[in-house]
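Visitor: I am new here. Could you show me the structure and explain the words used for it?

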Amino acid sequence: MACGLQNYEDGDVPAAELEFQTKWNRFSDWLHCICVVTFDLELGQAMESVYPPGVKLSDQEKCNICYLAFPDSNSGCMGDTQFHVKLRSRTGLTRQQLLYNEDSVPTLRADSTHYWGFVYFRQVKDPSLPRGYFQKSIILLTRLPFINLFYKVIQLIAPKHFEEGERSLEAACHDINRWPVLDAGQNVLLPVLGAVFQSYIPNQQTGKITRSDIAKQVHSPNVPHILASIQDVNVFDVLSSVISHLHLLWELVLTAEPIVVMASSPTECSALVQALTYLIQPLPYSAEYRPYFTIHDSEFKEFTRKQYKPPCVILGVTNPFFTKTLQHWPHTIKLGDASSIKSKLRKVGNIKLLDTAPGVYTQYKTFLEKDKSIIKKLHNGIRTDRPSEVQTAMVKRHLLELTQSFMIPLERYMASLMPLQKNISPYRSPPVPNPFNPEDFFATLLQSGPQLTSGIKGDWNGLYRAFFKTPNFSAWFHERHRNLTNKLHALQLEALAGSDLKKWSVGKKEVEIVDMVLKLREVLKSNPPVPDNTRTLLARRLDDLNCVLPEDMKSILNVGT
């Protein structure tokens with residue numbers, strides 16, 4: 001197996017990186033690179049080329065990309081196959097990606113720890129080649145989870161490369177390098193290889209929508225404009241064979257239970273894994289997941305070892321080897337024929353059965369009762385050939401209401417942890433949010449629990465307790481806690497900006513006044529989260545204090561700055 005191209009020598013890295021960043025800065029905000037992986041008789045999967053030239057990938061990343069770029073041999077994928085993958089990265093985000101993340105919808109943020117890979121694999125018979133087959137993959141590597149958009153982009157780029165060679169990839173890279181600034185809350189036109197993708201990237205102000213409904217259609221007689229949503233996925237088609245277990249799957253994802261998805265192709269398993277993570281939107285799924293995972297992956301031992309409890313991961317696999325390797329995992333979804341409408345809920349334990357029979361294998365007992373009415377509507381829709389877009393809308397609306405019913409009491413309780421305004425002093429550090437106490441939270445559920453917005457019965461308290469132990473809760477809590485802390489900081493600065501520091505300084509020791517001067521300087525230097533007029537007032541308060549300081553102290557402080 002060829003692990004890829006040579007790394008730069010250590011002494012050349014800074015200059016090479018600087019040159020690369022200068023030339024490809026806009027490209028790097030949208031994509032990391034485009035890889036071409038081929039099959040070599042002696043080496044196996046081998047990295048043929050990486051675009052643009054000079055892009056940085058570690059040897060481990062190249063190895064993972066090569067193995068993830070091809071379906072398992074047992075999949076028998078002939079013709080063209082598309083799927084997507086995730087792999088770990090130790091490289092940081094670009095400056096623009098960090099700025100984008102500040103205003104982005106949480107589920108669309110650039111991933112600081114993983115690359116997304118969008119794969120287009122072609123396998124066709126070719127008697128002129130030694131193995132009798134042409135096998136090659138093109139992979140778009142990016143930090144952005146723009147699932148729908150990048151599937152469409154690779155669908156355009158890859159066939160062009162197969163027909164025209166490397167010139168087309170070079171042209172695509174130059175086109176992408178002219179894309180607009182990566183920014184949330186914008187309609188974007190993204191030209192590539194003679195077409196223009198048109199989309200809308202939502203921000204926190206435009207709500208939690210991820211559709212392109214508010215994208216402005218642009219018509220051009222010369223250049224085809226392709227309207228592409230950023231992340232919209234038809235979840236019903238993917239979930240149709242397990243739709244009877246919708247509420248079970250929602251609970252498993254919400255509580256970040258270990259799940260393995262077994263399918264016959266990477267297209268099927270990556271689509272289902274992705275659909276599972278969407279079940280709890282707008283709450284981001286914050287545990288690990290791999291839409292397509294192979295036995296060659298560098299995390300194989302970490303995820304499959306049996307001496308510990310399985311990790312909080314959703315794995316999509318196609319290799320039958322995983323049937324035995326992951327038999328200790330508590331939840332398995334085995335996909336069968338696409339035409340099957342229902343799959344059974346089966347008890348874990350019969351490994352021979354798992355080899356053949358599709359279904360959901362688990363011993364998990366749900367905390368909440370199933371809403372039979374929505375399941376009945378969806379099954380009726382299948383029988384009457386209701387359009388899958390309508391079925392998807394029904395699934396999304398139902399699960400959105402369920403997730404919101406679960407999260408609204410938590411949001412309300414979190415807001416109550418904000419200290420009273422009267423406790424905020426302009427002359428002291430801002431107070432910290434009150435601690436999160438599960439028992440205090442449960443006490444609020446009697447009056448304002450999920451029963452106010454959901455008719456589903458069950459052990460909601462038990463579900464909350466399970467949720468509190470998950471990465472999903474940790475990520476949500478830390479973000480809300482950070483937001484509260486920033487709000488308290490902003491309120492304290494606004495109080496300070498409106499205070500009379502000249503009056504405050506009367507009777508204060510010089511060291512206290514100097515300390516306040518230094519604090520104000522530090523605040524103004526750090527770009528505080530307050531409006532411009534508050535910054536202006538803070539600068540005036542600094543001038544007020546400078547006026548009351550003796551000249552010798554002013555000189556010392558000015559020398560210090």
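**Rings and burial**

Guide: Trp504 has a relative accessibility of 14%, so Trp504 counts as buried. Buried means under 20% relative accessible area, exposed over 50%, and partly exposed in between (1.4 Å probe, protein chains only). This is a predicted model: local features need pLDDT of at least 70, side-chain atom pairs count only at pLDDT 80 or more, and totals for chains, interfaces and linings use all residues. Residues are numbered from 1 along each chain as its sequence is written, and side-chain values use heavy atoms, without hydrogens and water.

Visitor: Why is Tyr427 called partly exposed?

Guide: Tyr427 has 32% relative accessibility, so Tyr427 counts as partly exposed.

Visitor: What makes Tyr427 and Trp504 a stacked pair?

Guide: Rings of Phe, Tyr and Trp (its six-membered ring) pair if their centres lie within 6.5 Å; planes under 30 degrees apart count as stacked, over 60 as edge-to-face and the rest as tilted. Tyr427 and Trp504 are 5.7 Å apart centre to centre, with 15 degrees between the planes. So the pair is stacked.

Visitor: What makes Phe146 and Phe150 stacked?

Guide: Their centres are 6.1 Å apart, and the planes differ by 10 degrees. Phe146 is buried, at 0% relative accessible area. Phe150 is also buried, at 0%.

Visitor: How do you know that Lys86 lies over the face of Tyr289?

Guide: A charge sits over a ring if NZ of Lys or CZ of Arg is within 6 Å of the ring centre and within 35 degrees of the ring normal. Lys86 is at 4.1 Å from the ring centre of Tyr289 and lies over its face.
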